[in-house]
Amino acid sequence: MTLQQGDKVVIIGDSITDCERARPVGEGLFGALGKGYVSVFDALLQTEHPELGIRVVNMGLSGNTVMDVEARWNTDVIQQHPDGVILCIGINDVWRQFDMPHVEESHVYADTYEAALDRLVKRTKPQVRWMALMTPYYIEPNQEDEMRRMMDEYGGIVRRTAEKHGTLFVDTQAVFDRLLLNMYPAALAWDRVHPNMIGHMAIAKSLINALPVSS
């Protein structure tokens with residue numbers, strides 16, 4: 001599971017991925033990759049490995065849960081014919097249970113989340129060379145906080161799914177936990193979810209470190 005010459009990489013997720021990317025497909029000129037970690041990831045990749053000619057496509061969509069992603073998976077992932085897929089989803093699946101507790105149809109509970117994640121990986125792995133799963137996160141150092149506890153539970157589902165199917169795994173919660181040893185949450189994200197450029201850089205670097213490059 002390595003990045004190779006000419007790879008096309010589709011990154012899909014929610015607003016953390018979206019970051020004002022171009023529509024309908026986030027690829028091309030004039031900030032098409034958005035203003036977040038996808039753009040930084042591409043910049044780091046092109047700087048370190050310009051010889052590879054990697055194509056990065058941003059298909060994030062603000063507000064998405066895993067169910068929303070699954071509904072558009074065929075057009076936004078499969079029909080893009082990628083060599084590799086990076087999926088970062090789960091924050092809204094948890095968050096809606098806290099900021100919209102009475103709107104139960106917006107909730108995606110752990111068993112539903114795990115089943116959908118499993119379906120997506122099973123469907124995609126035979127059609128790509130590699131796949132990476134990123135955990136959801138909450139920029140809160142108190143692990144006993146109710147939303148942080150649930151986010152860790154969903155992160156555990158991502159880890160379990162990655163181990164089950166042999167995909168790459170990126171623990172973004174661990175990335176933020178390291179920063180939180182020396183930084184207050186508001187210095188990274190006003191709402192503990194949508195990071196500033198420090199947070200986006202940290203996510204991008206974690207992706208770079210997780211994706212080996214073919215020699």
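Me: How far is the sulfur of C19 from the closest cysteine sulfur, and how should that distance be read?

Reply: A disulfide requires two cysteine sulfur atoms within 2.5 Å. In this predicted model, the sulfur of C19 lies 10 Å from that of C88, its closest cysteine sulfur, which is too far for a bond. Seen from the other side, the closest cysteine sulfur to C88 is that of C19, again at 10 Å and too far for a bond. A search of the whole structure finds 0 disulfides.

Me: Are C19 and C88 buried or exposed?

Reply: A residue counts as buried when its relative accessible area is under 20%. C19 has 17% relative accessibility and therefore counts as buried. C88, with a relative accessible area of 4%, is buried as well.

Me: What is the sign of phi at C19, and where is this residue found?

Reply: The point to check is whether a positive phi belongs to a glycine. C19 is not a glycine, although its phi is positive, at about 45°. The residue is found in the loop between α1 and α2. The loop between α1 and α2 (37–48) also holds P24, and the peptide bond leading from R23 to P24 is cis, with omega near 0°.

Me: Which loop contains H81, and is this residue buried or exposed?

Reply: H81 is found in the loop between α4 (73–76) and β3 (84–88). Exposed means a relative accessible area over 50%; H81 has 63%, so it is exposed. Its phi is near 55°, a positive value in a residue other than glycine.

Me: How many residues of helix α5 are buried, and what covers them?

Reply: An α-helix has 3.6 residues a turn, so residues three or four places apart point the same way. Burial along a helix can be read with that in mind. In helix α5 (residues 91–99), 7 of the 9 residues are buried, so the helix is largely enclosed by the rest of the structure. The buried residues are I91, N92, D93, V94, W95, R96 and Q97. Their cover includes α1 (15–18), α3 (66–71), α6 (110–124) and α7 (146–165).

Me: Where does T124 sit, and which residues does it touch beyond those up to four places away in sequence?

Reply: T124 belongs to helix α6. With 0% relative accessibility, T124 counts as buried. Leaving aside residues up to four places away in sequence, T124 touches W73, I78, V85 and M131. One of these partners, V85, is 39 residues from T124 along the chain, yet the two C-alpha atoms are 8.4 Å apart.

Me: What do the overall figures say about the fold of the chain?

Reply: One begins with the order of elements, then turns to size and contacts. The chain has 9 helices and 5 strands, arranged along the sequence as β-α-α-β-α-α-β-α-α-β-α-β-α-α. A compact globule of 215 residues would have a radius of gyration near 17 Å, and the 16 Å of this chain agrees with that. The C-alpha trace spans about 45 × 35 × 30 Å along its principal axes. Of contacts between residues at least 6 apart in sequence, 76% join residues at least 24 apart. Buried residues account for 54% of the 215.

Me: What is the make-up of the accessible surface, and how are the charges placed?

Reply: The accessible surface comes to about 9,700 Å², with 53% belonging to carbon and sulfur atoms. For charge, one compares the centres of the positive and negative sets. The chain carries 20 positive and 29 negative side chains, and the two centres lie 4 Å apart.

Conventions:
Residues numbered from 1 in each chain as written. Predicted model: local features only at pLDDT ≥ 70, side-chain atom pairs only at ≥ 80, totals over all residues. Heavy atoms only, no water. Helix = DSSP H or I, 4+ residues; strand = E, 2+ residues; numbered from the N terminus. Rg over C-alpha atoms; globule rule 2.2 N^0.38 Å. Buried < 20%, exposed > 50% of the residue type's maximum accessible area, 1.4 Å probe, protein only. Contact = heavy atoms within 4.5 Å. Areas by Shrake-Rupley, 256 points an atom, 1.4 Å probe, with all protein chains shown as cover. Lys, Arg positive; Asp, Glu negative; His and termini not counted. Charge placed at Lys NZ, Arg CZ, Asp CG, Glu CD.
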